[in-house]
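Reader: I should like to take a close look at one part of this model, namely a ligand site. Please examine it step by step.

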Amino acid sequence: MMMDVTQKAKHRWQQQAPRERTVLVGVHLPEAWAGGLGGEADTAELRQLVETAGGEVTAVIEQRRQRPVARTFIGKGKLAELQEKVADSEANLVVFDNELTPAQGRNLESSLEVNVIDRTELILDIFARHARTSQARLQVELAQLQYLLPRLTRLWSHLERQAGGIGTRGPGETQLETDRRLIGRRITRLKRELAGIETDRRVQIKGRESIYRVALVGYTNAGKSTLMNGITDAGVYVRDQLFATLDATTRRVESDERHRFLLTDTIGFIRRLPHHLVESFHATLREVAEADLLVHVVDAGSVDPEHQIASVNRVLAEVAPEEKPTLMVFNKMDTVADELFRNRYARHYPEALFVCARTPEGAEQLLQMIGTRLSAAERIYKLKVPGQALYHLGSLFRTGAVLDQLWTGDLCTVTVRMRPQEFERLLGRVPAIAVSGDDP
Ligand SMILES: Nc1nc2c(ncn2[C@@H]2O[C@H](COP(=O)(O)OP(=O)(O)OP(=O)(O)O)[C@@H](O)[C@H]2O)c(=O)[nH]1
Ligand SMILES: [Mg+2]
């Protein structure tokens, strides 16, 4: 009997979940050398990913190559060494740091006789395990299916071999076509459902237009959620693992009238974040794209903070094409020699903050700095509004942008504090206004 195709996809993911003994393979290609990427940093991170997914690393193989071998990515000699390591350490999974083509994956699996996955699949697996909200689950499933679609042939042969059947012979072309169509349909449905969630969200945030939006961004495990919890009562899940957070949590922060904004904590980024994921998590990352200010949190104690910053910036460019005002925050300062670190980074990032998110002072410092950065761009304006049009300013009263109002007959002169571009938008929205603007 034919197995339902989504079930099959799940089956594959469960099967490959690296709960068990894993050999890592990292091939360093020239672009990685040019980027000054230490080989250690790569497999160290891959190891962390495997452990986050519940696996145990039994051996590591690294190699420098000019270019991958078409059939098996690594050359004959390395493949033999890998075979030996797999056998010696009784591993049942091989994880490549590099992206494998469907054919390379298939060829490696048939030579090694264990499951072979690449970094993308591993990250997808972690996302699948950590997805808690229905939106995150839908987004992960979408990314998984999009990844799977071009690899269906491999999946089929893989399952048939698992079933102890007919060697690696694939299914008939018709079955493959049916599956492709089913997956295609499921992808369309998931996209539609996600679009629905997105519409609901847009309705929810409609009233917030005039309040500032600030988003925490940064490499995974940098301490974003810890800062979020320090500033708000959001109670976001904090763990020493990669991708603890997979959705977006937004809270209103209102410490005093100068510090009102919405703060969002969301997914962390990683070096070479799979493109499918960025695409599928479009709705979650929307908060980042629409923020007025980004708070870029960096783990000061990581092996190579500069490199993590660069990776985050690369993903940001994909998520939010136009450059945004950004506040750099070096976190976990308790784990480094403070003076040395500051000397190195303060010159490069003169407006950066150096904090320890675990302490109340860390969160407080950040809160103050966000307030300063947000209000730095504001100006003071006066407008005359006919009484019956005053309701147009409703949300400005709520957010504290209105500093003063003075009635003369039916006209109200309102003093507001806001950013120039926001003021422009206001003028487009509110009828019959006489204006005078001045700097604070
Ligand atoms: N030593 C130290 N550890 C910290 C600090 N801030 C956060 N941590 C720890 O770092 C780990 C990751 O913190 P999170 O707040 O979950 O990091 P995140 O950036 O939200 O990570 P993801 O959601 O997984 O992307 C946790 O174990 C925190 O307790 C700090 O200032 N110093
Ligand atoms: Mg988090």
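Which of the 23 residues around ligand 1 come nearest? Please continue from there to the contacts of the ligand and to the metal ion.

Author: The model is a predicted one. Among the 23 residues that surround ligand 1, the nearest are Lys224, Thr226, Ala244, Thr245 and Asp334. Sorted by class, this shell consists of 10 polar, 7 nonpolar and 6 charged residues. Helix H10, which spans residues 224-231, supplies the largest share of the shell, with 3 residues.

Individual polar contacts may be considered next. The side chain of Asp334 places an N or O atom 2.8 Å from a nitrogen atom of ligand 1. Oxygen atoms of the ligand are also approached: a polar side-chain atom of Arg358 is 3.0 Å from an oxygen atom of ligand 1, and one of Asn331 is 3.1 Å from an oxygen atom of ligand 1. Taken on its own, ligand 1 has 660 Å² of accessible area, and the protein covers 93% of this.

The metal ion remains to be described. Ligand 2 is a magnesium ion, and its protein donors are atom OG of Ser225 and atom OG1 of Thr245, at 2.0 to 2.1 Å. Ser225 belongs to helix H10, whereas Thr245 sits in the loop between H10 and strand E6 (249-254), so the two donors tie together parts that are 20 residues apart in sequence. Both Ser225 and Thr245 are buried. Thr245 therefore appears twice in this account, as a donor of the magnesium ion and as one of the residues that come nearest to ligand 1.

How values were computed
Residues are numbered from 1 along each chain as its sequence is written. Chains are lettered from A and ligands numbered from 1 in the order in which they are written. This is a predicted model: local features need pLDDT of at least 70, side-chain atom pairs count only at pLDDT 80 or more; totals for chains, interfaces and linings use all residues. Side-chain values use heavy atoms; hydrogens and water are left out. A residue is near a molecule or strand if one of its heavy atoms lies within 4 Å of it. A polar contact is a pair of N or O atoms within 3.5 Å; within protein, one must be able to donate a hydrogen and the other to accept it, and residues adjacent in sequence count only if both atoms are side-chain atoms. Accessible areas come from the Shrake-Rupley method with a 1.4 Å probe; for residues, only the protein chains shown count as cover. Helices (H or I, at least four residues) and strands (E, at least two) are DSSP runs, numbered from the N terminus. Ala, Val, Leu, Ile, Met, Phe, Trp, Tyr, Cys and Pro count as nonpolar, Asp, Glu, Lys and Arg as charged, and the others, Gly among them, as polar. Donors are N, O and S atoms within 2.8 Å of the metal (3.2 Å for Na, K and Ca); water is not among the atoms, so sites may look incomplete. Buried means under 20% relative accessible area, exposed over 50%, partly exposed in between (1.4 Å probe, protein chains only).
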